Amino acid sequence: MMSLEQAYNVTEVLGCTLDELCGRKVIRTFPDPSQAAINASYENMNDEGRKALLKVARGMEKDTDNRIFKDSPEYTDGSAAMGA
């Protein structure tokens with residue numbers, strides 16, 4: 001048995017949640033149904049499909065007509081929004 005702190009440290013290393021570590025299925029929810037649909041599509045794709053979807057999303061994000069701009073400086077070049 002491990003302590004809660006040890007379990008937490010394991011989740012940090014593995015990049016998962018405590019629920020996932022314990023074997024519980026995590027149901028992800030999104031406030032926007034479109035975001036949920038995009039995530040579902042991503043989850044159903046192979047690696048090549050996921051790369052293509054990301055490429056399309058990043059290309060669309062560069063078009064200022066498709067972007068929202070955050071007040072935070074980390075978003076001024078799109079790096080935080082694109083996960084770069």
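Visitor: Why is C22 called exposed?
Guide: C22 has a relative accessible area of 63%, and a residue is called exposed when the value is over 50%, buried when it is under 20%, and partly exposed in between, with a 1.4 Å probe and protein chains only; C22 is therefore placed in the exposed class. This is a predicted model, in which local features need pLDDT of at least 70 and side-chain atom pairs count only at pLDDT 80 or more, while totals for chains, interfaces and linings use all residues. Residues are numbered from 1 along each chain as its sequence is written, and side-chain values use heavy atoms, with hydrogens and water left out.

Visitor: How do you know whether C16 is bonded to another cysteine or free?
Guide: A disulfide requires a pair of cysteine sulfur atoms within 2.5 Å, whereas the sulfur of C16 has its closest cysteine sulfur, that of C22, at 9.1 Å, which is too far for a bond. C22 is likewise in no disulfide, its nearest cysteine sulfur being that of C16, and the structure as a whole holds 0 disulfides. As for its surroundings, C16 counts as partly exposed because its relative accessibility is 21%.

Visitor: What makes R24 and D19 a salt bridge?
Guide: The term asks for a side-chain nitrogen of Lys or Arg within 4 Å of a carboxyl oxygen of Asp or Glu, and the closest N and O atoms of R24 and D19 are 3.2 Å apart, so the pair satisfies the rule. R24 is exposed at a relative accessible area of 55%, while D19, with 35%, counts as partly exposed.

Visitor: How many salt bridges does this rule give?
Guide: The count comes to 2; one of them joins E48 and K51, whose closest N and O atoms lie 3.7 Å apart. E48 and K51 are 3 residues apart in helix 4 (residues 47–62), which means that about one helical turn separates them. Both are called exposed, E48 at 54% relative accessibility and K51 at 53%.

Visitor: What makes T11 buried?
Guide: The relative accessible area of T11 is 4%, so the residue falls in the buried class. T11 belongs to helix 1 (residues 4–14), and, if residues up to four places away in sequence are not counted, T11 touches C16, T17, L18 and L21, a contact being a case of heavy atoms within 4.5 Å. Over the protein, 7% of the 84 residues count as buried.

Visitor: Why is F30 put in its accessibility class, and where does F30 lie?
Guide: F30 is partly exposed because its relative accessible area is 26%, and it sits in the loop between helix 2 (18–21) and helix 3 (33–43). Apart from neighbours within four places in sequence, F30 is in contact with Q35, A36 and N39.

Visitor: What is said of R50 and the ring of Y42?
Guide: The charged end of R50 sits over that ring, 4.5 Å from its centre; the description calls for NZ of Lys or CZ of Arg within 6 Å of the ring centre and within 35 degrees of the ring normal.

Visitor: How is S41 classed, and how far is S41 from L53?
Guide: S41, which lies in helix 3, has a relative accessibility of 36% and so counts as partly exposed. S41 and L53 are 12 residues apart in sequence, with their C-alpha atoms 9.0 Å apart in space.

Visitor: What secondary structure does the protein have?
Guide: The protein comes to 4 helices and 0 strands, running α-α-α-α from the N terminus on, where helices (H or I, at least four residues) and strands (E, at least two) are DSSP runs numbered from the N terminus. Among contacts between residues at least 6 apart in sequence, 3% join residues at least 24 apart.
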